[in-house]
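Here is a short set of exercises to work through with the model open beside you. Try each task before reading its solution.

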Amino acid sequence: MRTQVAIIGAGPSGLLLGQLLAKSGIDAVVLERQTGDYVLSRIRAGVLEQVSIDLMDEAGVGERMHKEGLIHGGFDMLFGGQRHRVNMNALTGGKNVMVYGQTELTKDLMDARAAAGLPTVYEASNVQVHDFDTTAPYVTYVKDGQEQRLDCDFIAGCDGFHGVCRASAPRSAIKEFEKVYPFGWLGLLSDTPPVHEELIYVNSPRGFALCSQRSKTRSRYYLQVPLTDKIEEWTDDAFWQELRLRLDDEANERLITGPSLEKSIAPLRSFVTEPLRFGRMFLAGDAGHIVPPTGAKGLNLAATDVKYLFNGLREYYEEKSEAGIDRYSELALARIWRAERFSWWFTQIMHRFPDDGPIAEKFQNAELDYLMHSESGLRTIAENYVGLPLDFGQQA
Ligand code: FAS
Ligand code: PHB
């Protein structure tokens, strides 16, 4: 079998890239090791930047997102028993974010790909990437017990943090930067109405909490927990009880609890691979970087990687120019590092780091106090949270 672009991974990165390529008449085959249902069962991101919303529209899959997504002009930060609203809309000249679950976004992309009859091989096992340092790369995989080969012009490594593509890059050519945080996020999804119209980020003496949502009837909550915690130790009642201890009276009065639809603990890390290109193989999304979810950047960074990569591939096929693919890594990494920094910084000010001693808590309180009473402090949070412009920092 032959195609122009072999896409490894049917998560948001792979499916969005496949959709954009298809709309430009560029052939791609998506190889995914899991089933589609398994991919949809993973509960992850919830907040879209305008850049991601625009990309979904460019890919022609934005209809349900606009119908069901919730526009948020701000969010609350709760610490020291005080609630402060970050009015993103006012601080960024009218920008907002949209609450629309990654599961829904992935489903929209999956459905569009299937409706267009575009090739996706689910349950493709033992995917291997070959000769990506030549102009004739290829991919091998096993499907229904049969070894298959897919010849291509390019390989898009959209296979996430544990994928095969980054692992196949020559060690001498790759640099990895990593910071692992001394805690995880325990997430719970429930069919209960959200506790507030917008999100609430909490820094309480017992640790971080986040009150998020998926719709007017479905909520998503997170608690900072020690890395040693096991999900089976957390009953629903224990979760709700701990959440209540971290919220203020107003939220506690409004909180409606209910059975969990999903509960999981995710570790937090900052991770970046440099470069993101190895000959004819490119890394995009979690395959190339990971952010702590505090800044709601993971999915949005994946989307902008895909935008840069799609632009480069389209330029290659339409204008026979390699300028775009040559610049992919540099362009994507500039945006990635800005989002990594914001996600690290927002994690630092909103979580408890008991090992850093009491003075660290004093610094944190002083920083939060300053930020909430300074328009430029609030603006720095707002402009990073809504997402920096795609051309941020580029020469005028
Ligand atoms: P993904 O990991 O989503 O997709 C990669 C795909 O490649 C998967 O379907 C995988 O099965 C497949 N694959 C892997 N290896 C393969 C192989 N060898 N062959 C074929 N296929 C292979 N981001 C936020 O913004 N907010 C959040 O709250 C948030 N929570 C998260 C919680 C968890 C537990 C995790 C892991 C991530 C979370 N993220 C969050 C980040 C997440 O949303 C990612 O940024 C997003 O899934 C990135 O999408 P992809 O790059 O497509 O990677
Ligand atoms: C979510 O709704 O899953 C979510 C929202 C904002 C974050 C992280 C996760 O910062």
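**Exercise 1. A covered strand**

Which residues lie on one side of strand β2 (residues 28-31), and which on the other?

Solution. Before starting, note that this is a predicted model, in which local features need pLDDT of at least 70 and side-chain atom pairs count only at pLDDT 80 or more, while totals for chains, interfaces and linings use all residues. Residues are numbered from 1 along each chain as its sequence is written, chains are lettered from A and ligands numbered from 1 in the order in which they are written, and side-chain values use heavy atoms, with hydrogens and water left out.

Step 1: find the strand; helices (H or I, at least four residues) and strands (E, at least two) are DSSP runs, numbered from the N terminus.
Step 2: sort the side chains of β2, which puts Ala28 and Val30 on one side and Val29 and Leu31 on the other.
Step 3: check their cover, where buried means under 20% relative accessible area, exposed over 50% and partly exposed in between (1.4 Å probe, protein chains only). These four residues are all buried, and both faces of β2 are covered.

**Exercise 2. From β2 across to β19**

Trace the pairing that starts at β2 and passes through β1 and β12.

Solution. Two strands pair if DSSP finds at least two bridges between them.
Step 1: β1 and β2 run parallel and are joined by 4 bridges; Val5 has Ala28 as its bridge partner in β2.
Step 2: strand β1 (residues 5-8) also runs parallel to β12, again with 4 bridges, and Ile8 is partnered there by Gly157.
Step 3: β12 goes on to strand β19 (residues 281-283) through 3 bridges, in the parallel sense, with Phe282 in β19 as the partner of Ala156.
Step 4: look at the faces of strand β12 (residues 154-157). Phe154 and Ala156 take one side, Ile155 and Gly157 take the other, and all of them are buried.

**Exercise 3. An antiparallel sheet**

In what order do the 3 strands of the open sheet with β3, β4 and β7 come?

Solution.
Step 1: the order is β3-β7-β4, with antiparallel pairing.
Step 2: β3 (47-48) and β4 (70-72) are the edge strands, each pairing on one side only.
Step 3: β4 meets strand β7 (residues 97-99) over 3 bridges in the antiparallel sense. There, Leu70 has Val99 as its bridge partner.

**Exercise 4. The surroundings of Leu186**

Is Leu186 buried or exposed?

Solution.
Step 1: place Leu186 in strand β13 (residues 175-190).
Step 2: read its relative accessibility of 0%, by which Leu186 counts as buried.
Step 3: list its contacts (heavy atoms within 4.5 Å). Leaving out residues up to four places away in sequence, Leu186 touches partners including Tyr221, Tyr222, Trp234, Phe239 and Lys263.
Step 4: compare with the start of β1. Leu186 and Val5 are 181 residues apart in sequence and 37 Å apart in space, C-alpha to C-alpha.

**Exercise 5. Backbone details**

Find the cis peptide bond, then inspect two residues with positive phi.

Solution.
Step 1: the cis bond joins Glu274 and Pro275, with omega about -10°. Pro275 sits in the loop between β17 (260-274) and β18 (277-278).
Step 2: Asn126 has phi near 50°, a positive value in a residue other than glycine. Asn126 belongs to strand β9 (residues 125-130) and is partly exposed, at 49% relative accessible area.
Step 3: Lys320 also has phi near 50°. Lys320 is in the loop between α10 (298-319) and α11 (323-350) and is exposed, with a relative accessible area of 68%.

**Exercise 6. The whole chain**

Why can the protein chain be called as compact as a globular protein of its length?

Solution.
Step 1: count the elements, which gives 13 helices and 20 strands.
Step 2: the radius of gyration (over C-alpha atoms) is to be set against the globule rule, 2.2 Å times the number of residues to the power 0.38. The chain has a radius of gyration of 21 Å, close to the 21 Å that the rule gives for 396 residues, so it is as compact as a globular protein of that length.
Step 3: add the burial, with 56% of the 396 residues counting as buried.
Step 4: add the contacts. Among those between residues at least 6 apart in sequence, 72% join residues at least 24 apart.
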